[in-house]
Amino acid sequence: VFYVDGHVRAYQGGAKIAKTHLSRLKFPAPATVETWVSDASGDPVLVVMAQPGASLAMELRRLLPGLRRAVGDDRRVLVGFDRGGWSPKLFAHMDAAGFDVLTWRKGVAQDIDPDLFTDAAYTDETGRTHTWRVADTTVDLPTNDAGEVFTMRQVSLTVPGTKTGREALGQDATRQIHILTTRTDLGVEEVIYRMGSRWRQENYFRYARMHFDLDSHDAYNTTDDDPTRMVPNPAKKKAHAKVLAARARYDRALAATDAALLDAASPPPGVSVLITNTDHDTLTAALRAAEADLDTAQETHRAIPARLPLGQVNPGQQVLDVQTKLITHAIRIAAFNTATTLARDIRVHTGYARANDEAHALIRQTLTSSGDIDPRDGFLTVRLDPLPTRRATIAIAQLCEHLTATKTRYPGTNLILRYEIKIRP
């Protein structure tokens, strides 16, 4: 199982960096985008710098060969991601390449018959039980304009509605959301749990920002962006906005003209009326003018190219150094995975009563505390100083016993690692 998501890192500096929408700030700003891959537990596996302007769907297609090399064999791999990777054509490509898809359905979807919903429950690895009302169906997604479709499994569940107060008392009290996957062998409850587990990756982003400076720049070196790279033409978007405005004016003029013609052709009973060509032209003048404006806006929009070379749209644009950032990310990944593994060991192999709430904090405190290293008699002994509280010291002593029992050899030597904690006199 892999989870894939993009992470936007804002840039504060003087270089001319491309702007990207920052969801946390809710506006575009200079930034770079990284594509992170995590395992089923949300622990980071690898990270690559996303291509400037690339969507998550484009990054997923580019990542597939690397993910296959990371797996090392031809097993099918379940890849979960959010709606940013929505692309039925990509789904079909991933399925053919040996990857299964797990994502939320995007866009407006027809509600499933309520009679198809049943109760489902799932007990996770911590012993907690999750319950849902679910329906298991299929859906055909169009992959091109020729009418070809890609059939996927759709798991639907009901969640609380977005409306509150009196509006929530009726049918709007709940709403349906839909999960799409190509896995047909998993139970509906596991499909829902796997999709919800994608938030573990978001938890890593939050934790790493707080404790590992995830969004720090690390290096401010820049290089020139490729001036020949094709990018969206800003004039195309402006022209499209003018088309929409002209179409809205045309719709308003059409409604007003129809009302005027109906009023002119509907005199009171017993009264006759004569509508001349001049009268008709006067009543429809605004409509014809709006239609002419719409035709002009559409012709202008069609004549503007959709994409242009970057050097023409934004000359002098730069990109931040990649290698230094990837090296520091590798250190962050190793540090986080080490701390997370030790925190899980505290929960499983020690009697620490508050391990579920304080395991990570205890590990951070331990890894930054003092101690001695003693290589002798075939052992490399790591002897830690006592922690401030007795219960924390006892928990780490139990962790040391567990780690010593693994008889791990220190890389590059014949020394076996042994962990101890000093006892207060």
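In this predicted model, Asp 136 sits partly exposed, its relative accessible area coming out at 43%. Its salt-bridge partner is Arg 153, with 2.9 Å from N to O. Arg 153 counts as buried, at just 9% relative accessibility, because the cut-off for buried is under 20%. Asp 136 belongs to strand E8 and Arg 153 to strand E9, so this pair ties together parts that lie 17 residues apart in sequence.

That contact is one of 26 salt bridges found across the whole structure. Another joins Asp 385 and Lys 422, at 2.7 Å from N to O. Here Asp 385 is in the loop between strand E16 and helix H10, while Lys 422 is in the segment after strand E17, so the bridge links parts 37 residues apart in sequence. Asp 385 is partly exposed at 21%, and Lys 422 is partly exposed too, at 25%. Then there's a network: Arg 354, Asp 357, Glu 358 and Arg 391 are joined by salt bridges that share partners.

Now for the pockets. The largest has a volume of about 1,500 Å³. It is lined by 47 residues, with Thr 20, Val 33, Gln 51, Gly 53 and Ala 54 closest to its centre. Elements giving two or more residues to this lining include strand E1, strand E3 and helix H1. By class, the lining splits into 21 nonpolar, 14 polar and 12 charged residues.

The second largest pocket holds about 900 Å³ of space. Of its 19 lining residues, Ser 41, Arg 200, Arg 344, Arg 347 and His 360 lie nearest the centre. Helix H8 gives the most to this lining, with 5 residues. The class tally here is 5 nonpolar, 7 polar and 7 charged.

Definitions and conventions. Residues numbered from 1 in each chain as written. Predicted model: local features only at pLDDT ≥ 70, side-chain atom pairs only at ≥ 80, totals over all residues. Heavy atoms only, no water. 1 Å grid on protein atoms, 1.4 Å probe; cavity = no way out; pocket = protein on both sides within 12 Å on 5 of 7 lines; lining within 4 Å. Points joined across faces, edges and corners; volume = space filled by probe spheres on them. Helix = DSSP H or I, 4+ residues; strand = E, 2+ residues; numbered from the N terminus. Nonpolar A, V, L, I, M, F, W, Y, C, P; charged D, E, K, R; others polar. Salt bridge = Lys/Arg side-chain N within 4 Å of Asp/Glu carboxyl O. Buried < 20%, exposed > 50% of the residue type's maximum accessible area, 1.4 Å probe, protein only.
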